[in-house]
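Work through the exercises below with the model open. Each task is followed by a stepwise solution.

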Amino acid sequence: EALVTFARVDAKSRLLDTTTLRRIKPAALEDARQSIVYAMKEGCTLWVWLGDNDIPMFEQKVCTSKNRDKVPLGLFTYGGLEPEMVRENIYRDADLVEGKCKM
């Protein structure tokens, strides 16, 4: 809980609360995507709060090929969001800076 509070108030942090993804809803997936993109664009630390989520189920239900443009599995791998191809999938036109996926 202390980590969640810190991530919410710290200016250099962004919280991705995955507990909202227990039920896969488009709005929750979009909120997750926006948190990821914001942290990448602003150079913030992205804190991924898993809560009591079951990691294997999370991988099978959230980080699927269908949702790779919102919550890519690379989120849980060091450097997994760095490839341009991954960023092109999760960035939308409104997220681009001078036509590029800023990181």
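**Exercise 1.** Locate Arg87 and Glu84 in this predicted model and state how many residues separate them.

Solution. Step 1: both residues lie in helix 4, which spans residues 84-90. Step 2: they are 3 residues apart, about one turn of the helix. Step 3: Arg87 and Glu84 form a salt bridge, with the closest N and O atoms 3.1 Å apart.

**Exercise 2.** Classify Arg87 and Glu84 as buried, partly exposed or exposed.

Solution. Step 1: the relative accessible area of Arg87 is 11%. Buried means under 20%, so Arg87 is buried. Step 2: Glu84 has 36%. Exposed means over 50% and partly exposed lies in between, so Glu84 is partly exposed. Step 3: look beyond this pair. Glu30, Arg33 and Asp95 are joined into one network by salt bridges that share partners.

**Exercise 3.** How many salt bridges does a search of the whole structure find? Examine those of Arg8 and Asp69.

Solution. Step 1: the search finds 6. Step 2: Arg8 pairs with Asp17, the closest N and O atoms being 3.8 Å apart. The cut-off is 4 Å. Arg8 is exposed, at 57% relative accessibility. Step 3: Asp69 pairs with Lys70, the closest N and O atoms being 3.1 Å apart. Asp69 is partly exposed, at 24%.

**Exercise 4.** In which sense do strand 1 and strand 2 pair, parallel or antiparallel?

Solution. Step 1: strand 1 covers residues 13-17 and strand 2 residues 45-49. Step 2: they pair in the parallel sense over 5 bridges. Ser13 stands opposite Thr45. Step 3: add helix 2, residues 26-42. Strand 1, helix 2 and strand 2 make a right-handed β-α-β unit.

Conventions. Residues are numbered from 1 along each chain as its sequence is written. This is a predicted model: local features need pLDDT of at least 70, side-chain atom pairs count only at pLDDT 80 or more; totals for chains, interfaces and linings use all residues. Side-chain values use heavy atoms; hydrogens and water are left out. Two strands pair if DSSP finds at least two bridges between them. Helices (H or I, at least four residues) and strands (E, at least two) are DSSP runs, numbered from the N terminus. A crossover is right-handed if, with the strands pointing away from the viewer, the path from the first strand over the helix to the second runs clockwise. A salt bridge is a side-chain nitrogen of Lys or Arg within 4 Å of a carboxyl oxygen of Asp or Glu. Buried means under 20% relative accessible area, exposed over 50%, partly exposed in between (1.4 Å probe, protein chains only).
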